[in-house]
Amino acid sequence: MRNYKVSTIIAIVFVLLAAAALSGCTSSGATDNAGGLKAGLPDTMDFSIEITGGTTSPVTVTYADMKAMEFKELLSIYTVNSVGTESIGDYVGVPLPSIIAKAGLPEGEVSYKIAAADGYNLVYTSEQVEKSIVALKKNGTAMKANINDKNSIIIVVPNETNNMWMKMPAKIEIVKGAATEPALAITGLTDNKKYLSLEDLKALPQVSSSYMDKSNNTVAITGPSLNALLDSASIQGDATAAVFTGKDGYNKTIKLADIRADPNALITIGTDGSLKNYVANQSSGTRVSDLATIKIV
């Protein structure tokens, strides 16, 4: 009888210990979310993201909504910007898929067109979105809802260069179908890297110009303004030239002063969607066929 009582007591003790352990695990997780990862964040912030294209959209996800979600921490995330500056940081924020899920995902393959508060936009694949967070803290410090602040809220995309990290995302459009490569990218010494589709280029101000072909015939051309394109990228003050590179790697450099001197400098769009740059008083060798990137240096 005594052995039976001892066995019963031991069994009860083990049950109580197990219950306490489970209770401790749950409490730790809740405390980490409430006081750990979210510690130091302001109670309110003028920040929200509008989502369209979902099954229940349009939906606006506010800062309060995000703060109520489960947070995720990304440690020692490495990235490099377009001029080669490297950085490593610890980021805390809301998984981007959790935010997008508020709008409901349509069936089938989708991609995401995300626009910043200043209108700058990028297209993300599902794979890129899946691993991303909207970072609200960096290295333990709350980030700012100000696109001009060096510590502004940003989409962090691990294992991607800094050009895919978007400051102050404001709108997300869920697009049916896989993401497509941009028709033209503008990188380098700019405050707003640009990745434009043909539709984006056609929406820019259009200008007209002309050039002489090999038979000395005048050829009239029309296309998106190269200067308007550069203006939209916010060229940095110390930049001096633009490197035009085609899909085959062929490239030519033109001074920014020469581009600015021609108000009708433009990009032509061929019937097949191919691009070519034209700047007055520049040799035909500076016209890059199948233009893919413009790097400001």
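User: In what order do the five strands of the open sheet stand?

Analyst: This is a predicted model, and in it five strands form an open sheet whose pairing is mixed. The edge strands are β2 (59–62) and β6 (121–124), each of which pairs on one side only, and the twist averages 20° from one strand to the next. Read across the sheet, the order is β2-β1-β10-β5-β6.

User: Which residue in β2 does Ile49 stand opposite?

Analyst: Strand β1 covers residues 48–52, and its pairing with β2 is in the antiparallel sense, over four bridges. Within this pairing, the residue of β2 that stands opposite Ile49 is Val61.

User: Is Thr55, in the loop between β1 and β2, buried or exposed?

Analyst: Thr55 is found in the loop that lies between β1 and β2. Its relative accessible area is 55%, and a residue counts as exposed when this value is over 50%, so Thr55 is exposed.

User: What distance separates the C-alpha atoms of Thr55 and Leu105?

Analyst: If we leave aside the neighbours of Thr55 within four places in sequence, the residues in contact with Thr55 are Ala103, Gly104, Leu105 and Pro106. One of these, Leu105, is 50 residues apart from Thr55 along the chain, yet the separation of their C-alpha atoms is 6.0 Å.

User: How many residues lie between β13 and β14 in the hairpin that they form?

Analyst: Strand β13 (residues 206–212) and strand β14 (residues 218–224) run antiparallel and are joined by seven bridges, with Ser209 standing opposite Ile221 in β14. In the turn of this hairpin, Asn216 has a positive phi of about 65°. The number of residues between the two strands is five.

User: Which strand supplies the largest share of the lining of the largest pocket?

Analyst: The largest pocket has a volume of about 830 Å³, and of the 32 residues that line this pocket, the closest to its centre are Ile154, Asn162, Trp165, Lys167 and Asp191. Both β3 (72–80) and β4 (86–95) supply at least two residues of the lining. The largest share, three residues, comes from β4.

User: How many residues of the lining of the largest pocket are charged?

Analyst: The residues of this lining can be divided by the character of their side chains into nonpolar, polar and charged groups. Eleven of them are nonpolar and 14 are polar, while the number of charged residues is seven.

Conventions: Residues are numbered from 1 along each chain as its sequence is written. This is a predicted model: local features need pLDDT of at least 70, side-chain atom pairs count only at pLDDT 80 or more; totals for chains, interfaces and linings use all residues. Side-chain values use heavy atoms; hydrogens and water are left out. Two strands pair if DSSP finds at least two bridges between them. Axes are lines fitted to C-alpha atoms, for helices over the stretch in contact, and angles run from 0 to 180 degrees between N-to-C directions. On a 1 Å grid over the protein atoms alone, a cavity is a set of points where a 1.4 Å probe fits but cannot get out, and a pocket is an open set with protein on both sides within 12 Å along at least five of seven lines; lining residues have an atom within 4 Å of a point. Grid points are joined across faces, edges and corners, and a volume is the space filled by probe spheres set on the points. Ala, Val, Leu, Ile, Met, Phe, Trp, Tyr, Cys and Pro count as nonpolar, Asp, Glu, Lys and Arg as charged, and the others, Gly among them, as polar. Buried means under 20% relative accessible area, exposed over 50%, partly exposed in between (1.4 Å probe, protein chains only). Contact means heavy atoms within 4.5 Å.
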